[in-house]
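User: Please take a close look at a single part of this structure and work outward from there. I would like one connected account rather than a list.

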Amino acid sequence: MEKNKPVVIGVAGGSGSGKTSVTRAIYERFKETSILVIEQDAYYKDQSHLPFEERLKTNYDHPLAFDNDLLVEHLQQLLEYKSIEKPIYDYKVHNRSTETIHVEPKEVIIVEGILILEDANLVDLMDIKVFVDTDADLRIIRRLLRDIKDRGRTLDSVIDQYIQVVRPAHMQFIEPSKRYADLIIPEGGENHVAVDIMASKIENILVKNSNL
Ligand SMILES: Nc1ncnc2c1ncn2[C@@H]1O[C@H](COP(=O)(O)OP(=O)(O)O)[C@@H](O)[C@H]1O
Ligand SMILES: Nc1ccn([C@@H]2O[C@H](COP(=O)(O)O)[C@@H](O)[C@H]2O)c(=O)n1
């Protein structure tokens, strides 16, 4: 029997906005069905040719930092129910690992990342586009705590990167991409009403696709 077309949900938003929390909340709803998550961060360009000191200088909030061609190719493969080898990203060394993760296709695909609504080729593949909208003060506080705890950063480096790169790129690229969203979710994964609405929309699309 032929399989239904998978549903693709894009979860965008600024760094620290709560994209991962929203993604996790949706994942929990569909984990018994068939769901996978693709993080745009896994598709940061390979920088193995650069020494560590040079990799520190990369602007990781600019669209050109990502290998979106590979991300689009992988999404197209998953839409055809073909498996992929997803890259693994290491924030501590600012580079991809030499290893990959084998990902089997699923019925629900979540693509999550700061700049996924900025690329028309990615947007074209999405059935539902979400933007997690959280005030800048909360985003920087969350990012500070997370980057020091999980990503091997110092207080000074997080503040410096935020002022020099993250904030300007947010205003130039991320905030304007909000206009492509179908749903704008204030505050992230704790917004249970928004998560309920998304879950029922995903259910509807799954039913519709099964009747095609
Ligand atoms: N509603 C919330 N209240 C408090 N902390 C939160 C909330 N949502 C997320 N966080 C925390 O903020 C940090 C960033 O959230 P995350 O979901 O990873 O954001 P993003 O993926 O958009 O960068 C994480 O450490 C997370 O635990
Ligand atoms: N080597 C890197 C790569 C990325 N970043 C930052 O990560 C942010 C995106 O991740 P979120 O989970 O916060 O959405 C982005 O703003 C980059 O600045 C980094 O610091 N180092």
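Analyst: Beyond its neighbours within four places in sequence, Pro87 is in contact with Ala42, Tyr43, Arg96 and Thr100. The model is a predicted one. Pro87 belongs to strand E3. Is Pro87 buried or exposed? With 22 other C-beta atoms within 10 Å, Pro87 counts as buried, because the threshold for a buried residue is 20 or more. Ile109 lies 22 residues away from Pro87 in sequence, and the two C-alpha atoms are 16 Å apart in space.

The strand that holds Pro87 has a partner. E3 (residues 84–90) runs antiparallel to strand E4 (residues 95–103), and six bridges join the two. One of the pairings sets Glu85 opposite His102 in E4. The two strands make a hairpin with four residues between them, and in the turn His94 has a positive phi of about 55°.

The turn residue His94 also appears in the surroundings of a ligand. Ligand 2 is surrounded by Ser15, Gly16, Lys19, Asp41, Tyr44, Tyr60, Asp61, Tyr91, His94, Ile114 and Val166. By class, this shell has five nonpolar, three polar and three charged residues.

Lys19 is in the shell of ligand 2 and is also among the closest residues to ligand 1, with Gly18, Thr20, Ser21 and Arg142. In total, 14 residues surround ligand 1. Which class is missing from the shell around ligand 1? That shell has no nonpolar residues, the classes present being nine polar and five charged. Helices H1 and H5 (136–150) each supply at least two of the shell residues, and H1 gives the most, with three.

E3 leads also to helix H3 (residues 68–79), whose buried residues pack against E3, E1, strand E2 (35–39), E5 and helix H4 (120–123). The buried residues of H3 are Asn68, Leu71, His74, Leu75 and Leu78. Viewed down the helix axis, they fall within an arc of 120°, so they line one face of H3. Asp69 and Glu73 are exposed on the other side of H3. The length of H3 agrees with expectation: its 12 residues should span 16 Å at 1.5 Å a residue, and the end C-alpha atoms are 16 Å apart. After H3 comes Tyr81, with a positive phi near 60°.

E1 and E5, against which the buried residues of H3 pack, are also among the elements that cover the buried residues of helix H7. That cover includes strand E1 (7–13), helix H1 (19–30), strand E5 (108–112), strand E6 (128–133) and strand E7 (183–186). In H7, the buried residues are Ala194, Met198, Ile202 and Ile205. Seen down the axis of H7, they fall within an arc of 75°, so one face of the helix is lined by them. The face turned away from this buried side carries the exposed residues His192, Val193, Asp196, Ser200, Asn204, Val207 and Ser210. H7 (residues 192–210) has 19 residues and reaches 27 Å from first C-alpha to last, close to the 27 Å expected at 1.5 Å a residue.

Conventions
Residues numbered from 1 in each chain as written. Chains lettered and ligands numbered in written order. Predicted model: local features only at pLDDT ≥ 70, side-chain atom pairs only at ≥ 80, totals over all residues. Expected span 1.5 Å × (residues − 1). Buried ≥ 20, exposed ≤ 12 C-beta atoms within 10 Å, placed from the backbone. Arc of directions from axis to C-beta. Contact = placed C-beta atoms within 7 Å. Pairing = 2+ DSSP bridges. Near = placed C-beta within 6 Å. Nonpolar A, V, L, I, M, F, W, Y, C, P; charged D, E, K, R; others polar.
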